[in-house]
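Me: I should like a close look at a single part of this model, set in the context of the whole chain. Please begin with the question that follows the display.

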Amino acid sequence: MDEYTKVRNKLVHLEAQLELRFSKLTDNITHAQEPLAQDFAEQATQMENSEVVDFLGNFTRNELRQIKQAIIRLDSGDYGVCVNCGQDIAPERLAALPFVDKCIGCAKMAERG
Ligand SMILES: [Zn+2]
């Protein structure tokens with residue numbers, strides 16, 4: 001299997017996992033009274049705070065968007081290149097976070113604002 005296929009499979013798999021997580025979260029909001037199996041959902045319920053669910057929902061949705069964009073970049077041949085400065089993103093960074101679109105330097109700059 002070549003690198004492109006490997007990375008693409010990884011991203012598609014991750015996307016499917018997040019889609020599932022997101023649909024469970026949405027389900028959780030709709031059926032808040034029902035028992036929940038997911039660990040993080042349990043924690044969210046224990047905290048009795050819909051803001052936590054909102055946060056997880058937003059977080060998951062944001063991650064999903066990044067993954068979809070990463071798949072698009074992969075297909076167009078731009079994958080692994082920083083969208084900000086155009087340099088190659090370190091392979092170990094991509095291995096840990098396959099959907100990142102910025103190199104570590106630019107990501108840190110963005111965090112600082
Ligand atoms: Zn950069």
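Does Asn 84 count as buried, exposed or partly exposed, and why?

Reply: Asn 84 counts as partly exposed because it has 14 C-beta neighbours inside 10 Å. The model is predicted, and the description that follows should be read on that basis.

Asn 84 lies in the loop that runs between H3 and H4. When neighbours within four places in sequence are set aside, Asn 84 has contacts with Lys 102 and Cys 106. Asn 84 and Cys 106 are 22 residues apart along the chain, and their C-alpha atoms are separated by 6.8 Å.

The loop follows helix H3, which deserves a description of its own. H3 covers residues 50–76. Its 27 residues should span 39 Å at 1.5 Å a residue, and the C-alpha atoms at its ends are 39 Å apart, so the expected and modelled spans agree. Within H3, the buried residues are Thr 60, Ile 67 and Ala 70. After H3 comes Gly 77, which has a positive phi, near 85 degrees.

Gly 77 also gives a link to the start of the chain. The C-alpha atoms of Gly 77 and Tyr 4 are separated by 9.4 Å, although these positions lie 73 residues apart in chain separation. Tyr 4 belongs to helix H1 and counts as exposed, because it has 12 C-beta neighbours inside 10 Å.

H1 and H3 come together in the largest nonpolar core. This core has six residues: Leu 11, Leu 18, Ile 67, Ala 70, Tyr 79 and Phe 99. H1, residues 3–30, and H3 each contribute at least two of them. In soluble globular proteins, nonpolar side chains tend to be buried together. Ile 67 illustrates the arrangement: beyond its neighbours within four places in sequence, Ile 67 is in contact with Leu 11, Leu 14, Glu 15, Leu 18 and Phe 99.

As for the whole chain, its secondary structure consists of five helices and zero strands, in the order α-α-α-α-α along the sequence. The chain has 113 residues, of which 12% count as buried. Among contacts with a separation of 6 or more, 54% join residues 24 or more positions apart.

Confidence varies along the chain. The mean pLDDT is 85, and 80% of the residues reach 70 or more. Helix H4, residues 91–96, has the highest mean pLDDT of the elements, 93, whereas helix H2, residues 39–46, has the lowest, 62. Where pLDDT is low, the predicted coordinates should not be read in detail.

Conventions
Residues are numbered from 1 along each chain as its sequence is written. A nonpolar core is a set of buried Ala, Val, Leu, Ile, Met, Phe, Trp, Tyr and Cys residues joined through C-beta atoms within 7 Å. A residue is buried if 20 or more other C-beta atoms lie within 10 Å of its own, exposed if 12 or fewer, and partly exposed in between; C-beta atoms are placed from the backbone. Helices (H or I, at least four residues) and strands (E, at least two) are DSSP runs, numbered from the N terminus. Two residues are in contact if their C-beta atoms, placed from the backbone, lie within 7 Å. The expected span of a helix is 1.5 Å times one less than its number of residues. pLDDT is the predictor's confidence in each residue, from 0 to 100.
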